[in-house]
Amino acid sequence: MAERAGAAPRIAVHAEPEGPVLVQHLDELGVPLGPVSAVEASALSELDRRAPRWVWRNPRTYRALLARGARLTRAHDVELVEGLLVAAAGRFGAPHGLAAAAARLAGLPEEPDPAPDDSWDEPPGLFRSAAPPAAETLAAVVEVHAAQRKALAGDSRLAMLAAAESAGGIVAEEMRAEGLPWDAAVHDALLTEALGPRPAGFARPEKLTALAAEIDAAFGRPLNPDSPAEVLRAFARAGFEVPNTRNWVLKRIDHPGVAPLLAYKELARLHAAHGWAWLRTWVHDGRFRPEYVVGGVVSGRWATRGGGALQIPKAVRAAVRADPGNKLVVADAAQLEPRILAAMAGDTALARAGGRGRDSDLYAGLAAEMFGPDAEDGRAKAKLAVLSAIYGQTSGDAGVHLALLRRRFPASVEVVESAARDGEEGRIVRSWLGRTSPPARPGDEAPARARARGRFTRNFVVQATAAEWALILLAELRSALHRAGDPAALVFFQHDEVLLHGPADGAADAAELVQAAADTATRTLFGDTPVRVPMPAEPVDSYAEK
DNA sequence: CACCAACAACGG
DNA sequence: TGCGCCGTTGTTGGTG
């Protein structure tokens, strides 16, 4: 992970789903050393032994290489890095595709980024505009990369972020290629148990039909339970004026329709979002393959496109099962954001309260520190105080507890409050490595908007730095697994949680590597810090066991 | 018919 | 005083 300044050879590579694989050797700065040549994918693995940094257009380039069997170690991803650089220049969201970046260098008008599409994997169709010749694309990659090298040269943290973001692209494509093991039979059985047998066509499952009838009976007239407006009107007629039909609002109403309605909503959600249609669309050959969008969220968290991979409900996690003879290793970082805040602030007291053991509970430690070891509801109050600091909540008792937190841990609270002031006053903020927030927009100086922006920038510095930690964790874990002879493969990542999948006899080794990678990530970002991020990893047969 | 905003629920 | 951050997906109910 750590960048040995200037040590790695650089090789530009370009590939598309069809057509040749092109490479060009570069010097330290990214200037071409030789001609463009067409090579076999197998030659790339050979070249990779020289530990180069591959320079490519975007994660899809690596997808095309993976499809040809080339597994490469590290990269500089020109389009991901361009996104970081335009934001750092105060132009968050400006076009950062290869065409736009090349146009900027040439002093030409920026081309808008192409819309994300799914046609890339398909052969060019009748209505698809012809792609530029591969050699031309590679030349643009080389040119833009050289400019990016210069832009990163004076900023070692941003250079580290560029490397980490690029590594994220690699991990994302490898996880997609590997796929999350998904047992369709278990999923189907679970749906049948909850909803009744799979109905033909678009019919409503029988359990939903039965509940809808109960709801009708309770209100004395037919009612579409899927329509919030109708539900609201029905309760109003029964004498209950409520602001919306959220679960926690309905729960407080004393009316016979509430129980069947809540049951209906829960099952209808399961059916609509993760029912048989989802299963048929997204699970093939025992694998769910979401498309991860690295850096897809303002804070640098990943997004996904298709299948809702970052919202797999607990209710269907039993379907995520290791193959026979294999195990899943499930690990999540404990209370990541407050620990990241402590590290950013150099807050030894908060670090100590967070503990160092694998089962350390930061909120419990904090409660002992803030309210004494035996205080009633101490943990809940401490948690509320921390969330108030990180999210900007001030309602209820949050403000009181936050004030106490400020007295005990002034360094940490100052980090977020300073970010909140920056946001409220219209300034941009940056994460630890320099991911840059969007600038204020016209109208943000209005008081309510300014406070909302303060909450956003307050959260941004912590969430974005936590996302950086997670990126480095992934990169480190990937290479540690590789060094250990691949006892398991990364198959899923969700903000602060990873899933590995591999032979049962390697699961214990894989689990060990997770905590080691977490420690490396912490040191890589923050150097010698008293903060530790526990990341307990557990070998299981099913995701539901965690 | 295509498009869009509001709502609601899931995840972190 | 009033204030919880970041997302994706599907349905309803309206618009042009």
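## Surface near DNA strand B

By class, the surface near DNA strand B holds four nonpolar, seven polar and seven charged residues. Here, near means that a heavy atom of the residue lies within 4 Å of the strand. Ala, Val, Leu, Ile, Met, Phe, Trp, Tyr, Cys and Pro count as nonpolar, Asp, Glu, Lys and Arg as charged, and the others, Gly among them, as polar. This is a predicted model, where local features need pLDDT of at least 70, side-chain atom pairs count only at pLDDT 80 or more, and totals for chains, interfaces and linings use all residues. Residues are numbered from 1 along each chain as its sequence is written, chains are lettered from A in the order in which they are written, and side-chain values use heavy atoms, without hydrogens and water.

The closest residues to DNA strand B are Thr 245, Lys 265, Arg 269, Lys 314 and Asp 496. Of the strand's atoms within 4 Å of the protein, 82% belong to sugar or phosphate. A backbone N or O atom of Lys 314 sits 3.0 Å from a phosphate oxygen. The side chain of Asp 496 places an N or O atom 2.7 Å from a sugar or linking oxygen. Arg 301 has a polar side-chain atom 3.1 Å from a base nitrogen.

## Surface near DNA strand C

DNA strand C has 23 residues around it. Ser 227, Gly 306, Tyr 391, Arg 451 and Phe 456 come nearest. Helix α19 gives the largest share of this surface, five residues. Of the strand C atoms within 4 Å of the protein, 64% belong to sugar or phosphate.

A polar backbone atom of Gly 306 is 2.6 Å from a phosphate oxygen of strand C. Two side chains reach base oxygens: Gln 311 at 3.0 Å and Arg 455 at 2.7 Å.

## Sheet and helices

Four strands form an open antiparallel sheet in the order β12-β13-β11-β14. Helices (H or I, at least four residues) and strands (E, at least two) are DSSP runs, numbered from the N terminus. Strands pair if DSSP finds at least two bridges between them. Four bridges join β11 (residues 326-332) to β14. One bridge partner in β14 is Pro 539, opposite Val 329.

Helix α19 (residues 447-483) lies across β12 and β13, at about 160 degrees to β12. Helix α20 (residues 507-526) lies across β11, β13 and β14, at about 15 degrees to β11. Axes are lines fitted to C-alpha atoms, for helices over the stretch in contact (heavy atoms within 4.5 Å). Angles run from 0 to 180 degrees between N-to-C directions.

## Confidence

Chain A has a mean pLDDT (the predictor's confidence in each residue, from 0 to 100) of 93.

Methods: A polar contact is a pair of N or O atoms within 3.5 Å; within protein, one must be able to donate a hydrogen and the other to accept it, and residues adjacent in sequence count only if both atoms are side-chain atoms.
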